[in-house]
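Visitor: I have just opened this entry and would welcome a guided tour. Could we go through it step by step?

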Amino acid sequence: MTSRPEEPLDLSSPGAPVQGMSLRQEAPPPSAEYEFTVRARRQWQLVLRRFLQHRLAVASLAVFIAVVLFAFIGGALWHYNYQQFTGDYSAPPSLKHPFGTDAASHDTFAQVLRGTQRSLEIAIFVAIVSTAFGTLYGSVAGFFRGPLDSVMMRVVDLFLTFPLLAVAAILGDQLGPKANGWFWIALVITALTWPYVSRVVRGVTLSLREKEFIEAARALGASNARIIGRHVIPNVMGPVIVTVTILVAAAILTETALSFVGFGVQAPDTSLGLLISQNQTAVETRPWLFYFPGVFIILIALTINFIGDGLRDAFDPTQRRVRA
Amino acid sequence: MLAYTIRRLLVAIPLLIVSTFVVFLLVTFSGDPLANLRTKQPPPSPQVIANYRHMLRLDQPVLVRYWHWVTGLLHGDFGPSVQGGGTLDIGHALFQRILVSLRLVIAAIIIAMILAVIVGTISAVRQYSIADYVFTFTGFLFLSLPVFWFALLLKEGAIWLNNHIGTGFKTLGESSPIVGPGFGSHLVDALEHLVLPTITLALTAYAAWSRFNRSSMLEVLGSDYVRLARAKGLSRSRVLIRHALRTALIPFVTVTALDIAALLSQTIITETVFQWRGMGDFLFTAIRALDVYAVLAWLLFAAIIVIVANLIADLLYAVLDPRIRYD
Amino acid sequence: MSGELVDGVVPPSVSNRANVLEVENLRVDFPTDDGLVRAVRGLSYTLAPREVLGIVGESGSGKSVASLAVMGLLPKNARVSGQVRFGDENLLGLSESALARYRGEHIAMIFQDPMTSLNPVYTVGWQIAEAIRAHRNVSQRAALEKAVELLRLVGIPQAADRVHNYPHEFSGGMRQRAVIACAIANDPDVIIADEPTTALDVTVQAQVLESLRIARERTGAAMILITHDLGVVAGQADRVLVMYAGKPVEVGTADDVFYRPRMPYTLGLLGSLPRLDVGGRRRLTPIQGSPPSLINLPPGCPFAPRCPMRQPICQQEEPELRPTDHPGHLAACHFSDSLVGVAPSDLFRPTARDDVLPEDAGDSAAPEVTA
Ligand SMILES: Nc1ncnc2c1ncn2[C@@H]1O[C@H](COP(=O)(O)OP(=O)(O)OP(=O)(O)O)[C@@H](O)[C@H]1O
Ligand code: SF4
Ligand SMILES: [Mg+2]
């Protein structure tokens, strides 16, 4: 209904447009790049604000950070080592051993700290590497389309044809006992999770390709690498972050399950899954050995899932609109 | 549709060939199948080892071994096994295990889908009600629950109940070693053993699905055509079921079908806890025994399940959505 | 409150006759993250049998929200107050099941976007038959036959075959006609058409409007025709209500509003409309700026920031909807009297840089305003 006038408007006349209008007229025509950056910044502020409104997600973030600090700092400060024989056999929780001890007199608290560390390290590794690789892979496939895309996506299909846990178990059986067992386990899980990220990224990239600012950047002579780096990747970050939080929670559960069936982290190192596996017969007699590691797994996975839910709402608020 | 199905199955063949080849290499190079044999006490004679090498075709190049394996498959021969002193018939053994696992998987899928549809629909229709919050929280809780931990918890709980109240939960295995005569008692026995693993698996699967159904219901409930359906003066239940749920089920069914691979992972863990002699036990035993061909057979079967599930998802899509037509 | 239609000033065209629909002081608020969105701020109108009331206004002026409120189809979080009287019943506050008896049967609605209005998984005929069977105890077969008849009525060729098609097999215009067929399936007393042609190609618009006219004449329904295009209203409406920022700012007969506008906003709308009926060449004179945010609306006339006749009082006091020099013609402007005989181009700047009419450039001035 309104069209932008070419002649400058007379601000002194009574009917002169007020507020934002005049501003828009005076500012130099912004470049596509500039407008994009401003838009992106505003978008992130909005996302942050909406995330902060999701109380459960914010609380989960606080708990998650507490668990991380607890595992890494607490582990360093606690007076028992996870491998140490304390001399207290199968002791129930007490001030000395908050989570009790096992039949070999290990301090369960120290073991849970160590297991949490391991699980978090694996989760963080999976998050970073599968995000980085999956995003790059997916954006290249989606950006170039055509035969390259087809080939790249068939590779992804290939990865998704097998149950993650089975392949991880096959590889973990060989790699788990190695010196840096946890690193190999993390690598295996990463190798099996990045395809999910790349699928999401490719989908978003395909739709982004058609957007004006990409056209504009191309018209300005930006190279493909620059367009992918400056325009595609920042815009897919929303869906990626949401996908990755889900994957990280899944990665933690996979790692613990893998260790539980004996193809993950191996003794003398320990992990939450391994602890549960070692203590599965003790549920009735020494329940502390079973419950504490389990509760920590749930705590980590649950908080990450809630954080992911908050991020999803923040990036895509349409779901929150109440209708019908 | 038939033509499409056949075409899809034909297209799946190259995918299967490539993926089995990749897996073949992966498994072949992931370890020495004779490692367990070599460390045996007393050490077997070199002749025995050589015999095994020959039986497992280790004296042939990898490509030839793969060729042998594939051509063997066409005759129903899944390759030699190191288990059972080299006498194990992989195809037969795996088939038995699949039958055992399949009843668990199918029971769990049916229960999980029903639960997910009901819970997701209530959550969406009563968005931000107490029920929605409770369902959302429990959904997230089950999503975050390690399946083995939950299974152990259920198992121990059932044992406790058995001991203290005298309930008769079956917590071990997929069937009792000794069952009364007749098909009926076998069926009852199998069903009794199904209860706990099915609950475990169904609850872990339902969590994600109910979240999905909730969001797809929310989207549909906000759609113009649901508004038009209400504007026509239809009853609330008709709007919800015939219009909203019917359309929301399209993506839902597809997603559940695609989730079968993930469900297979949960199944083998659940089976481990309840000590079922199913696919999980078959796989883990084969891995520990470094039984290359048994592992390969398992993966081949898993890949076929996934491919068929994908196909079913696509076909269901076409059945449920008149906009999609294949051919 | 201001802007209320008082009983004494109901336009004469509908006096002495029982109104089929009466909306009084309708208000709709949406609580959102950013604050309370006051989408409709006191809307009143009446609709006589067979009358066509055009509601015009820019995007976001609350036209859809107001009509959804009448149907009880707003999202759950909407806060609605006021009265919507159909017969003796106030529809606001009725339960969903009680409302369902009115929807389709007495009041039917046609939505803005035909592409998404029909359920993609059912055939067009099935959906029309469903509308019939919601209120009539007839067999599916009979309902389908009626559906064919209705489709034929709204101008779908080969209706007997087309009735079995799915919505995606219909073009946009055909889908909208199918929705119209749905709307008239039960001979409603009122049809609310919310921008029935906005989403369509210009060439199809006329056909759909024609279908709508036939449908209305055949059923004898009164109609509320919502649009932001005065041209659509011109040929069809008996009376016109102009909405701005959730409020009616001018109400009158079509002639009143088109030829004797008494509110600068209406004048602006007319100026932005290309017209063939006015002799000679004329420039389009768009209204600058955009409607105000409905959150934290400042005091005073909501049109003030864009109004060329703005005076200090306009920013302090919101004008009420008051009778003008013509009976039954109401306008909400402190200076409506001074608009007598003013043309849009006297008030609004023409679209700039038009090489065809260089002599007109930049010489428009606001008229003298006498307070
Ligand atoms: N569910 C909602 N929550 C919050 N605000 C809403 C909601 N629905 C509508 N609004 C707001 O109410 C105002 C009026 O919207 P409405 O859809 O009635 O406008 P309209 O006049 O129909 O415009 P258009 O010509 O674009 O259809 C808009 O500012 C819109 O943002
Ligand atoms: S009241 Fe004032 S600002 Fe509002 S339309 Fe009239 S003259 Fe313009
Ligand atoms: Mg509208």
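Guide: The conversation below takes up the contacts between chains, the domains of chain B and the surroundings of the ligands.

Guide: Please keep in mind that this is a predicted model.

Visitor: Understood. How many residues does the contact between chain B and chain A take from each?

Guide: Chain B contributes 50 residues and chain A contributes 42 residues.

Visitor: And what area is buried between chain B and chain A?

Guide: About 4,000 Å² is buried there, and carbon and sulfur atoms give 75% of that area. On the chain B side, F140(B), F148(B) and W149(B) lose the most area to chain A, and together they make up 16% of what that side buries.

Visitor: Why quote an area at all?

Guide: The accessible area lost when the parts come together is often used to state the size of an interface.

Visitor: How many salt bridges are there across the interface of chain B and chain A?

Guide: The rule finds 1 salt bridge across that interface. The side chains of R211(B) and D309(A) form a salt bridge, with 3.9 Å from N to O. The interface of chain B and chain A also has 4 residue pairs in polar contact, counted where both residues are at pLDDT 80 or more.

Visitor: Which helices of chain B supply at least two residues each to the side that touches chain A?

Guide: They are α1 (2-28), α6 (130-143), α7 (147-164), α8 (183-221), α11 (260-273), α12 (279-288) and α13 (292-320) of chain B. By class, the residues on that side of chain B are 36 nonpolar, 9 polar and 5 charged.

Visitor: Let us turn to chain C. How many residues does its contact with chain B take?

Guide: The contact involves 30 residues from chain C and 22 residues from chain B. Between them, chain B and chain C bury about 2,300 Å², with 57% of it on carbon and sulfur atoms. In chain B, the residues that lose the most area to chain C are L228(B), R230(B) and K232(B), together 28% of what that side buries.

Visitor: What about salt bridges across the interface of chain B and chain C?

Guide: The rule finds 3 salt bridges across that interface. R238(B) and E130(C) meet through their side chains in a salt bridge of 2.8 Å, N to O. For polar contacts across the interface of chain B and chain C, the number is 12 residue pairs, both residues being at pLDDT 80 or more.

Visitor: Which helix gives the most to the side of chain B that touches chain C?

Guide: Both α9 (224-231) and α10 (236-258) of chain B supply at least two residues of that side. α10(B) gives the most, with 7 residues. The residues on the side of chain B that touches chain C are 8 nonpolar, 4 polar and 10 charged.

Visitor: Now for chain B by itself. Into which domains is chain B divided?

Guide: Chain B has domain 1 (16-81) and domain 2 (91-290). The centres of these two domains of chain B, taken over C-alpha atoms, are separated by 37 Å.

Visitor: How many residues of the two domains of chain B are in contact?

Guide: In chain B, 5 residues of domain 1 are in contact with 4 residues of domain 2. The area buried between these domains of chain B is about 340 Å², of which carbon and sulfur atoms give 59%. P33(B), N36(B) and F78(B) supply 84% of the area that domain 1 of chain B buries against domain 2, more than any other three residues.

Visitor: How many salt bridges are found between domain 1 and domain 2 of chain B?

Guide: The rule finds 0 salt bridges across that interface. The count of residue pairs in polar contact between domain 1 and domain 2 of chain B is 0, with both residues at pLDDT 80 or more. The side of domain 1 of chain B that touches domain 2 has 3 nonpolar, 1 polar and 1 charged residues.

Visitor: Changing topic, where does ligand 1 lie?

Guide: Ligand 1 lies between chains A and C.

Visitor: Which residues come nearest to ligand 1?

Guide: Of the 17 residues around ligand 1, those that come nearest are S59(C), G60(C), S64(C), V65(C) and E195(C). An oxygen atom of ligand 1 is 2.4 Å from a polar side-chain atom of S59(C). An N or O atom in the side chain of K63(C) lies 3.0 Å from an oxygen atom of ligand 1, and a polar backbone atom of G62(C) lies 3.1 Å from an oxygen atom of ligand 1.

Visitor: Lastly, which classes of residue make up the shell around ligand 2?

Guide: The shell around ligand 2 has 11 nonpolar, 1 polar and no charged residues. Among them are M263(C), C301(C), F303(C), H334(C) and F335(C).

Key. Residues are numbered from 1 along each chain as its sequence is written. Chains are lettered from A and ligands numbered from 1 in the order in which they are written. This is a predicted model: local features need pLDDT of at least 70, side-chain atom pairs count only at pLDDT 80 or more; totals for chains, interfaces and linings use all residues. Side-chain values use heavy atoms; hydrogens and water are left out. Domain bounds come from an automatic or database domain assignment. Contact means heavy atoms within 4.5 Å. Buried area is the accessible area (1.4 Å probe) that two parts lose on being put together, summed over both. A salt bridge is a side-chain nitrogen of Lys or Arg within 4 Å of a carboxyl oxygen of Asp or Glu. A polar contact is a pair of N or O atoms within 3.5 Å; within protein, one must be able to donate a hydrogen and the other to accept it, and residues adjacent in sequence count only if both atoms are side-chain atoms. Ala, Val, Leu, Ile, Met, Phe, Trp, Tyr, Cys and Pro count as nonpolar, Asp, Glu, Lys and Arg as charged, and the others, Gly among them, as polar. A residue is near a molecule or strand if one of its heavy atoms lies within 4 Å of it. Helices (H or I, at least four residues) and strands (E, at least two) are DSSP runs, numbered from the N terminus.
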